[in-house]
Amino acid sequence: MIAMIKIEPSLLAADFACLREELAKVKKADYLHVDVMDGRFVPNISFGPSVIAAAAKVSPLPLDVHLMVEEPERLIPDVLAAGQGKIDCITIHWEACRHVHRTLQVIKNFRIKAGVALNPATPISDLKYILPLIDRVLIMTVNPGFGGQDFLFEVVPKIEDAANLIASAKANCEIKVDGGIDRQTAPLVVKAGARILVAGTAIFRAPDPGEAIEDLRRVAAGLNNT
């Protein structure tokens, strides 16, 4: 039996003109995914601590912050302050850090979960020596920076590699997948080993975001593939 699948709507796909109403629609989710982009590590600029503070104020969900920024250690204290105690995890990119181990220690010193994200071309083996510090591995199934991109099917075997590495190391680490997740791709990534699914367009642009969350949870677990 597949372990419980957690659904994480991406704030990036919400309508910011009515943020309170948008976040109320996804209250059935497990976490709220918050993408912070700096225009340097990725070509897009999204938002920073002020929007995190607004989301923390109006959403009942714990926040999972994904820092797509150069030198993420600079932002960690401001992000945590903005989260008002509601941040569950901060995820940094392997490719954006000069000293990944040290940055993970900074996050863990704040007594929250730490995650590492890998771009599609970055091998899972890069995480071998830092797994004891990681609570979540975020595997990007699109190149980061923009919402609404097409799922990269060639990354699915990488999810399997991550599951095998975690199992062989006996690490306590969840696999999360972000990029092009919908009711067609969700079963594929769950079968490969993912347990947390980030979805933006498939949830916030659906006629009923709450039902979209439940539908994604069902199809991901193989309960309803019609």
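**Figure 1. Buried residues of helix H2 in the predicted model**. Val 51, Ile 52, Ala 55 and Ala 56 are the buried residues of H2, a helix formed by residues 49-58. They line one face of the helix, because their directions fall within an arc of 140 degrees when H2 is seen down its axis. An α-helix has 3.6 residues a turn, so residues three or four places apart point the same way. The face turned away from the buried side carries Ser 50 and Lys 57, which are exposed. Packing partners of the buried residues of H2 are helix H1 (19-24), S2, S3 and helix H3 (76-82).

**Figure 2. The open sheet and its edge strands**. The sheet contains 8 strands in the order S1-S8-S7-S6-S5-S4-S3-S2, and the pairing is parallel. Strand S1 (6-9) and strand S2 (32-37) stand at the edges; each has a single partner strand, so one side of each is left without a neighbour in the sheet. On average, and with direction ignored, neighbouring strands of this sheet are turned by 25 degrees against each other.

**Figure 3. Pairing of S2 with S3**. Strand S3 comprises residues 63-68 and runs parallel to S2, to which it is joined by 6 bridges. Val 36 stands opposite Leu 67 of S3. Strands of a sheet pair through backbone hydrogen bonds, either parallel or antiparallel.

**Figure 4. Helix H4 across S4 and S5**. H4 is made up of residues 100-109. The two strands that H4 lies across are strand S4 (87-93) and strand S5 (113-118). The helix runs at about 145 degrees to S5.

**Figure 5. Helix H8 across S1 and S8**. Residues 209-220 form H8, which lies across S1 and strand S8 (196-199). Its angle to S1 is about 140 degrees. S1 is one of the edge strands of the sheet.

**Figure 6. Surroundings of Cys 89 and Cys 97**. A search of the whole structure finds 0 disulfides. For Cys 89, the closest cysteine sulfur belongs to Cys 173 and is 9.4 Å away, too far for a bond; the cut-off for a disulfide is a pair of sulfur atoms within 2.5 Å. Cys 89 is buried, with a relative accessible area of 0%. Cys 97 is likewise in no disulfide, and the nearest cysteine sulfur, that of Cys 89, is 13 Å away. With a relative accessible area of 11%, Cys 97 is buried, because residues under 20% count as such.

Conventions. Residues numbered from 1 in each chain as written. Predicted model: local features only at pLDDT ≥ 70, side-chain atom pairs only at ≥ 80, totals over all residues. Heavy atoms only, no water. Pairing = 2+ DSSP bridges. Helix = DSSP H or I, 4+ residues; strand = E, 2+ residues; numbered from the N terminus. Axes fitted to C-alpha atoms, helices over the stretch in contact; angles between N-to-C directions. Contact = heavy atoms within 4.5 Å. Buried < 20%, exposed > 50% of the residue type's maximum accessible area, 1.4 Å probe, protein only. Arc of directions from axis to C-beta.
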